[in-house]
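Please open the model in your viewer and keep the selection panel at hand. We will go step by step, from one chain to its parts and then to the pair.

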There are 2 protein chains.
Amino acid sequence: MAFKGNLLYAQSGGPTSVINSSAYGVFKAALESDQIGQVFAGLNGIQGIMENHLLPISQSMLRKYSLLLQTPGAAFGSCRKMLKPFQEDESEYKIIVEEFKKRNIRYFLYNGGNDSMDTVKKLSEYFKQIGFECFVIGIPKTIDNDLAQTDHTPGYGSAAKYIATVFSEIAYDASAYEKGRVNIVEIMGRDTGWLTASASLARLNGYGPDLIYVPEVPFSRERFINEVKKVYSLKNRCMVAVSEGIKDREGKFISDETSLDAFGHKQLGGISSYLASLVSKAGLPSRGIELSLAQRSAAHLASLTDITEAQEAGEEAVKDVTSGLSGFMVNFLRQSIKPYKISLGLAPIDKVASVVKLVPLEFLEPTESDVSEAFIAYALPLIQGERKYKTVNGLIKFYEE
Amino acid sequence: MAFKGNLLYAQSGGPTSVINSSAYGVFKAALESDQIGQVFAGLNGIQGIMENHLLPISQSMLRKYSLLLQTPGAAFGSCRKMLKPFQEDESEYKIIVEEFKKRNIRYFLYNGGNDSMDTVKKLSEYFKQIGFECFVIGIPKTIDNDLAQTDHTPGYGSAAKYIATVFSEIAYDASAYEKGRVNIVEIMGRDTGWLTASASLARLNGYGPDLIYVPEVPFSRERFINEVKKVYSLKNRCMVAVSEGIKDREGKFISDETSLDAFGHKQLGGISSYLASLVSKAGLPSRGIELSLAQRSAAHLASLTDITEAQEAGEEAVKDVTSGLSGFMVNFLRQSIKPYKISLGLAPIDKVASVVKLVPLEFLEPTESDVSEAFIAYALPLIQGERKYKTVNGLIKFYEE
């Protein structure tokens, strides 16, 4: 089935703290594989590949590549490029095939989220249709944890660990005064509440959220104010975790922001300031806090479980693609919750692409503006462990070309 | 000179990542001292002390207290209380003296920033005037680094380490796309630019700010836009570090926010969103990022140098106060920049209270919107080292009563 050829790996979409750990896993496995000739990293995803921006990866640099295990961002550059359906416009596909042929690329691994899995789907289908022998596998990556057909996604555990840790630190700090404020912590998540739900883990540290609002549960301003007032009257303070993407009953974003990103998605943000102003108007001292970009880039606090699994997903992808499999995404299957046990598998890409996995009802307590014990049991193993990272000048050391 | 009596320690003002390390230093040294009978922690600063909220500290709990070395916030509660001049109103002073006499408090250590040092000054003067034999020493604490008569303040190094680390992680993340944004990172600092300047240390990691704006240098919107455009045209991206408290030539805050905190200080914030909107109007993609409360509470990334020095400041204060010294603040004197060498000393409290130490001109490059090499040499030693902290459930473990 399989044959000797070169392998190309590229990154796409919003970075995470551990996407580069998957790159390391790919390089390590691919450099060891008999079936692979040369290994390349594409720069800036499919966009850069079309412009022939390929970087040779060599065995002699493996020690330097190990810094990828502690480097945030997308070390090989990312892009927001989506391919049109080839049934409508074949031109970009032809460029890609030409570039692949030039470099004898027979294995292509694409590391990204929902939109990137759409590219995996289209390319694998196109290659099959035209009879071009190149195998394509997707490696999942998103802090949002919203990919279908997988227990969780690499990147989520590290974001959750950062959110839970910083939330508990802020909550401890906020408990200093006898009469505290209503602190409203805004957490990433346009469509799903996975990240916001992870703030609940801070409770295991004694200082967590009193109220949790996610996009899966319709948001009512009136109910929000009532719930905040109730907590404040009991505790003299209140910690709120809220998703940037909360919506009302009609599905309209509470945030007013309407600018669009390159994919035509709404760019949100600022919901914490807005809710803080509502609380202030209701007579309680309040403050909006955004956790912002550190949620996806705080490599210094990455979960060791997440780093390890991201690397394993990269290794698995090499094994699968060189077995001649194409049109799949590597996925995680939970064999056991306690003790935590995961196995790697493959999901057909058409069951993944463009599907958004919401937080299921059994993980939520909607009437309490909270998450359930089942969610805690699900998420807790994902934030375990810390990497003893290399430093320079008192700062975490990054991989650099 | 000195005599046997009890010691009281309390915390005041905004917490830092290491104020509790000073508490640990105080407890350790005080429990070992022959001159001290009982050791107490006051709860919620001078406010709680007036309400008789004192907690006995015991030798048998020292192991539990060691968690203070990794606990953010103010573990014994804080307050924003300032005493009126006793020449105007003696009533609160009388309550304090009564409480102190009841508990035989002869040594009082107050841990805080500018406003807390004002309390140290007033109490030490009052006690002297009425002939009450109680010695008072201040232990410095503020992430702002704006206390006079000391090389730096405990709390600053940890905040600087968090800011530099997260700035470099965000900057690395932001370099993922071929065409990036103008990221405007808002950093704490109402009156001084010490914290914002520390973002420059991220450059030693390869990914730092292109432009730095501090309150010490009058801010011009026009010049800002020109400088951002210039960087963007060269790099296709731009990283800005800006203090929340930047002011125009007339000394007016650029931020419009006018709500007042309990001390009557202006509450700032939101400057990054405002500047991002200016940049967007000028035609460049932009995003405002607030580092927010994690700057002062991210104990998981505290500087080991800072933790150690904060503890030493607490120990030094016990030594000094039991020598019969009163009306001083423990200070840090830099003996040598390279190698970094610090000694502890005492500053007369009237030279500290209500004085704000600005970033000096030799640490700035105002025409470049930057800091100088001298600043880097000054600040770099303060962020060195990481504590191998204890964890529970994948989270940093806190001290709890």
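Keep in mind throughout that this is a predicted model. Begin by selecting chain A, where residues 24 or more positions apart account for 75% of the contacts with a separation of 6 or more. Colour chain A by secondary structure, and you can look for its twelve helices and 15 strands.

Now turn chain A about in the window: its C-alpha atoms fill a box of roughly 70 × 45 × 40 Å along the principal axes. A compact globule of 401 residues would have a radius of gyration near 21 Å, and the value of 22 Å for chain A therefore agrees with that expectation. Of these 401 residues, 59% count as buried.

Next, select residues 5-153, 299-355 and 381-396 of chain A, which together are assigned to domain 1, and give another colour to residues 164-297, which are assigned to domain 2. The centres of these two domains of chain A, taken over C-alpha atoms, are separated by 32 Å. Where they touch, domain 1 of chain A contributes 16 residues and domain 2 of chain A contributes 14. On the domain 1 side of this contact in chain A, the residues divide into seven nonpolar, five polar and four charged.

Finally, show chain B as well, which can be laid on chain A with an RMSD of 0.0 Å by a turn of 180° and a shift of 0.0 Å along the axis. The two copies are thus related as by a two-fold rotation axis. To find that axis, select Glu290(B), the residue of chain B that comes closest to it, at 3.3 Å for the C-alpha. Because 100% of the interface residues of chain B are also interface residues in chain A, the copies meet through the same surface.

Definitions and conventions: Residues are numbered from 1 along each chain as its sequence is written. Chains are lettered from A and ligands numbered from 1 in the order in which they are written. This is a predicted model: local features need pLDDT of at least 70, side-chain atom pairs count only at pLDDT 80 or more; totals for chains, interfaces and linings use all residues. Helices (H or I, at least four residues) and strands (E, at least two) are DSSP runs, numbered from the N terminus. The radius of gyration is taken over C-alpha atoms; the globule rule is 2.2 Å times the number of residues to the power 0.38. A residue is buried if 20 or more other C-beta atoms lie within 10 Å of its own, exposed if 12 or fewer, and partly exposed in between; C-beta atoms are placed from the backbone. Two residues are in contact if their C-beta atoms, placed from the backbone, lie within 7 Å. Copies are superposed by least squares on the C-alpha atoms of residues with pLDDT of at least 70 in both. Domain bounds come from an automatic or database domain assignment. Ala, Val, Leu, Ile, Met, Phe, Trp, Tyr, Cys and Pro count as nonpolar, Asp, Glu, Lys and Arg as charged, and the others, Gly among them, as polar.
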